[in-house]
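Below are some notes on the model you sent, set out as numbered points. They go from the overall make-up of one chain to particular strands and helices of the other.

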Protein chains: 4
Amino acid sequence: MTQPSSYTYLGPEGTFTEAALLQVPGAGEARRVPASTVAAALDAVRSEAVDAAMVPIENSVEGGVSATLDAIAVGEPLRILREELVPITFVLAARAGTTLGAVRRIATHGHAWAQCRSWVDATIADAEYFPSSSTAAAAYGLVDGDESYDGAICSPLVAERLGLAVLAEDIGDVSDAVTRFVLVGRPDALPARTGADKTTLVIPLPEDHPGALMQILDQFAARGVNLSRIESRPTGQFLGDYFFSVDADGHVEDARVADALKGLHRISPGLRFLGSYARADRRSPAVERHTSDEAFSSADHWLGGILGDRPR
Amino acid sequence: MTQPSSYTYLGPEGTFTEAALLQVPGAGEARRVPASTVAAALDAVRSEAVDAAMVPIENSVEGGVSATLDAIAVGEPLRILREELVPITFVLAARAGTTLGAVRRIATHGHAWAQCRSWVDATIADAEYFPSSSTAAAAYGLVDGDESYDGAICSPLVAERLGLAVLAEDIGDVSDAVTRFVLVGRPDALPARTGADKTTLVIPLPEDHPGALMQILDQFAARGVNLSRIESRPTGQFLGDYFFSVDADGHVEDARVADALKGLHRISPGLRFLGSYARADRRSPAVERHTSDEAFSSADHWLGGILGDRPR
Amino acid sequence: MTQPSSYTYLGPEGTFTEAALLQVPGAGEARRVPASTVAAALDAVRSEAVDAAMVPIENSVEGGVSATLDAIAVGEPLRILREELVPITFVLAARAGTTLGAVRRIATHGHAWAQCRSWVDATIADAEYFPSSSTAAAAYGLVDGDESYDGAICSPLVAERLGLAVLAEDIGDVSDAVTRFVLVGRPDALPARTGADKTTLVIPLPEDHPGALMQILDQFAARGVNLSRIESRPTGQFLGDYFFSVDADGHVEDARVADALKGLHRISPGLRFLGSYARADRRSPAVERHTSDEAFSSADHWLGGILGDRPR
Amino acid sequence: MTQPSSYTYLGPEGTFTEAALLQVPGAGEARRVPASTVAAALDAVRSEAVDAAMVPIENSVEGGVSATLDAIAVGEPLRILREELVPITFVLAARAGTTLGAVRRIATHGHAWAQCRSWVDATIADAEYFPSSSTAAAAYGLVDGDESYDGAICSPLVAERLGLAVLAEDIGDVSDAVTRFVLVGRPDALPARTGADKTTLVIPLPEDHPGALMQILDQFAARGVNLSRIESRPTGQFLGDYFFSVDADGHVEDARVADALKGLHRISPGLRFLGSYARADRRSPAVERHTSDEAFSSADHWLGGILGDRPR
């Protein structure tokens, strides 16, 4: 896999998403183009306008970012290349000269507003919420002279870049909040196995009966593969038709994961492999002896002896 | 269960959520108070300011509405009383005299924007997005003289109520989109069994190993109880600690559901029961003989005979 | 449960089965009638000629004693009251004056012959086998003057009782062989729970597909109930129609066992409960918290709260 | 696999086992040597004294023949080459001139006695049982002038061969009883796949907990492989240590069976493969699409594309 040389990300400049991208080795020196939506970012990869896109995928406070999951699940295949965790801390920023007591309307993204609500209620309870498409956009608005609001909840980075006054720091409810982002590229790439990997899949539910979901999950459990995320998602055609989006521990080059994927393909051939990539937290799964690569290789060898290595 | 006599809902007036509330028999004549957020609506129920709250919970295009799920999952217990499906159709509304070609900035909620994006790109591609906290708020802004934008994507109802011009109708991507809403009350209520019911649960994952999720789901599958929705949700404490939010077919007064709930409670005693209520689609599950109320009652009788009906 | 006052056993006098019966407290002083076959012994219980019958059920060298299992599985219901383990040691007995070198034909039961075969081949390789219906019958034959054979492989006890010469002791292959016997009574009896119990069941397989056996075994596994024996048995009608004979750890008064039995009854209502009784080895199972009586009782209580303790 | 040219079988001549052997194409013209026990027959194969041995393995009335299963499970590996079903019908034979009313003692094998017991009780209730090592041996005894008994329950064939008088025909309880026999050879043989095959395995239980047996059986169920026989068997070392003897539908060259065997080997590497061979009843299993050879091959191909066919 060659290193991407151009990137897009959910903009504008200064978002947590750009912060995630800047964590990727080499990205700081590469071409970086902000995109207005996740869908636009992914389309730029599909059309080869850029090599890869950084987009938010999960948030430890707010859960899965549905738009991203759905956008990767359909259309031309894409491949997740890596994930990045970014600590989320919020500041209340304003134009120079504004005091905390004078803030009446606060612009920010809905998710950020939810996370800072307790602080706002306790400190400036009569301040109103003004929706913004991103925390960075809220900060830009102050600089651009938007008079609709006088405060912005945003990242420390963008406040500093734009020279805004910081009226209060670390105002989120959850002091150690992090958001998960993924770097998405084209489907010819497969990051190397590191021993602490994650595999993301989209699995259509072939039939809607009590055992169907169990049969899918058993493909993981029977091979000792843990899931760190599962979500049923409506297919969009009609309510009650589902697919599953899951993150499984391990890399497709791990024999137990490869075997689970083959089992899934037999049950649900419309399965989509979205990538195997290093876990941001570098946590290796505990692998039991009977699901190790050695156990798989030993079983293959044993069966080969019985079959006389004849072609099947 | 007595009929609620006062309601709140995710406002302002004219939202799809109010439309959902108006589908509830008797709600049209009852007191109805809009709330600014889902959390505020639920708190009004908890504090007994109102009897029940209508809030969005799932969307056939956008998936689960995370904020609602999380808000019900924690804090003082609540109980889902019923669900309503509302067909979602969008119009582009504007002040009288505005022509389609003149629209430069369109206000709406992010979810609505995502659903109408294709139409906008095809018809007025240079129009910009202006985020709003709800589709109804976007419409109100036009009436209130907000000059930040000149169009609003909203429901036909609110456009009509406010006397706005409708420049285009039915502009959503998905022609038969519906959104699911739930009416939430206090935990002393249990709606009667109808034979076509749904039970919503929040289940903490007791341990994080490949078999733990299977053990939970087996409680449903082993009793022939289908799941129509499953989502793993971070607990908010740290990334990698989960609970599951699920909708199961059937009512807690169905023996198979009651038995599954007891099995879940043994594994995960922190389980939260969020309610059993009639399915909006009135679809009854197929129940196999061995999971029928009769099979449960017959097995109880048989075992009673062996135990000599002695107290255990 | 009142103490039985009369017994039968697989005779004649002096068999290992009588030794098992003599291990039962009080049996030494009670009336004891030998029976010629397992079926005859069980019929004597059914007809109330005696209160209970001791019969062999499993053998650590030879496996399940099929005739006993089948005889209990069909016909008028019976109930296993207890099990006894008897150490099996064999001697070669002969009439006084016979030397080892002079032994030409050895009478014994087929199972005993199999267990002493190595010793015979190594010591008196040219001795022939003379089949006998029991080890005790072989010993009696010597006393009764049967000239067909000049040696008998039997228990030390019967050799001593009959005053036979013991030419060699402890001649079995397996030095610590034990045989398992069960005391069988009528179905109104249920031995008290001891904490180290075993439950024996006969379970018809409702359907012959890959999941049917799993569904049955899952009733045990899902409640943490271990199986110490399982055998598929043809029903006798035609090859390929099965029932299962199993021993499960625990007593029907243990909540997890009672719950498993109810689950089995729902799937396979023709299930037969053959008894819960103390394990001969007094080994208590490890019970996990979620399958303890407390977990069951706590879950019942929790669900009762949800249902408002209304009658269902 | 070359055709065996010499055989042994559980003798003496005229047993049902020889009848089973004579059903094998070519065996009528091959060398056939009777053996006195199952163990001796198998040892003759291991020592290459003969090419194959016919031995009884299961009986639709009496269940598994434990000695055979245990003898194949241990020691030098053997391979089952085919199975034969033989209809079991019994006659009461005697020396010429004996009348039914004059029969006092009847010799036969214990299993045959059990199957004819009802007829004896109804017809000549005062006749005694005289144990014999086989039904054929009982018949030979009459010819050899053994005066210990005056009747023999045996096969019609041996009665005819020895010129004995047949006093009653078809005297077994079960009119359509059949016994299953297997032809056992050396482990370099693997019979060709016929589409209606059976695979016999011996599987040590790696750990004794409620889930261990389920984990083993799931290897079959998850691949849609039905079991037609299962028996837990004590290992012989001490009571409570087990292995499982199973017959599974299908041939090791069926992808679903091969995959199940690999799964079993990973869990229980001491697994022993006893052979894949044509079912005597020629009944083909129903194979679902997702466990067909095509589904396996398609999944292998799909995964190969993801892995770039790189060596793993």
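1. Chain A contains 9 helices and 15 strands, and it should be kept in mind throughout that this is a predicted model. Along its principal axes, the C-alpha trace of chain A spans about 85 × 45 × 35 Å. Of the 312 residues in chain A, 55% count as buried, and among the contacts in this chain with a separation of 6 or more, 76% are between residues 24 or more positions apart.

2. Three domains are assigned in chain A: domain 1 takes in 1-88 + 179-189, domain 2 covers 91-169, and domain 3 covers 190-306. For domain 1 of chain A and domain 3 of chain A, the C-alpha centres lie 23 Å apart, and 16 residues of domain 1 of chain A are in contact with 16 residues of domain 3 of chain A. On the domain 1 side of this contact, the elements that give two or more residues are α3 (66-73) and β5 (79-87) of chain A, with β5(A) providing the largest share, 7 residues. By residue class, that side of domain 1 of chain A divides into 9 nonpolar, 1 polar and 6 charged.

3. Turning to chain B, there is an open sheet of 5 strands in the order β8-β7-β9-β6-β10 (chain B), with mixed pairing. Its edge strands are β8 (128-131) and β10 (165-169) of chain B, each of which pairs on one side only. Neighbouring strands of this sheet are turned against each other by 30° on average, direction ignored.

4. Within that sheet, β6(B) can be followed to both of its neighbours. β6(B) and β10(B) run antiparallel and are joined by 4 bridges; Val91(B) has Glu169(B) as its bridge partner in β10(B), and Ala94(B) has Ala165(B) as its partner in that strand. β6(B) also pairs with β9(B) in the antiparallel sense, over 3 bridges, where Leu92(B) stands opposite Ile153(B). In a regular strand the side chains alternate between the two faces of the sheet. In β6(B), Val91(B) and Ala93(B) point one way while Leu92(B) and Ala94(B) point the other way, and all are buried.

5. Which elements does the helix α5(B) pack against? Helix α5 of chain B, residues 135-144, is mostly covered, with 7 of its 10 residues buried: these are Thr135(B), Ala136(B), Ala137(B), Ala138(B), Ala139(B), Tyr140(B) and Leu142(B). The buried residues of α5(B) pack against the strands β6 (91-94), β7 (105-108) and β9 (151-154), and against the helices α4 (110-123) and α6 (156-162), of chain B. After α5(B) comes Gly145(B), whose phi is positive, near 85°.

6. A second covered strand in chain B is β11, residues 178-185, in which 8 of the 8 residues are buried. Val178(B), Arg180(B), Val182(B) and Val184(B) point one way from β11(B), whereas Thr179(B), Phe181(B), Leu183(B) and Gly185(B) point the other way. The charged residue Arg180(B) is therefore among the buried positions of this strand, and a reader checking side-chain environments may wish to note it. β11(B) runs antiparallel to strand β5 of chain B, residues 79-87, and 8 bridges join the two; in this pairing Pro87(B) stands opposite Val178(B).

7. Strand β12 of chain B, residues 197-204, is likewise mostly covered, since 7 of its 8 residues are buried. How many bridges join β12(B) to β14(B)? There are 7, and the two strands run antiparallel, β14 of chain B being residues 242-249; one of the pairs is Thr200(B) with its bridge partner Asp247(B). β12(B) also pairs in the antiparallel sense with strand β15 of chain B, residues 272-278, over 6 bridges, and there Lys198(B) has Tyr277(B) as its bridge partner.

Methods
Residues are numbered from 1 along each chain as its sequence is written. Chains are lettered from A and ligands numbered from 1 in the order in which they are written. This is a predicted model: local features need pLDDT of at least 70, side-chain atom pairs count only at pLDDT 80 or more; totals for chains, interfaces and linings use all residues. Domain bounds come from an automatic or database domain assignment. Two residues are in contact if their C-beta atoms, placed from the backbone, lie within 7 Å. A residue is buried if 20 or more other C-beta atoms lie within 10 Å of its own, exposed if 12 or fewer, and partly exposed in between; C-beta atoms are placed from the backbone. Two strands pair if DSSP finds at least two bridges between them. Axes are lines fitted to C-alpha atoms, for helices over the stretch in contact, and angles run from 0 to 180 degrees between N-to-C directions.
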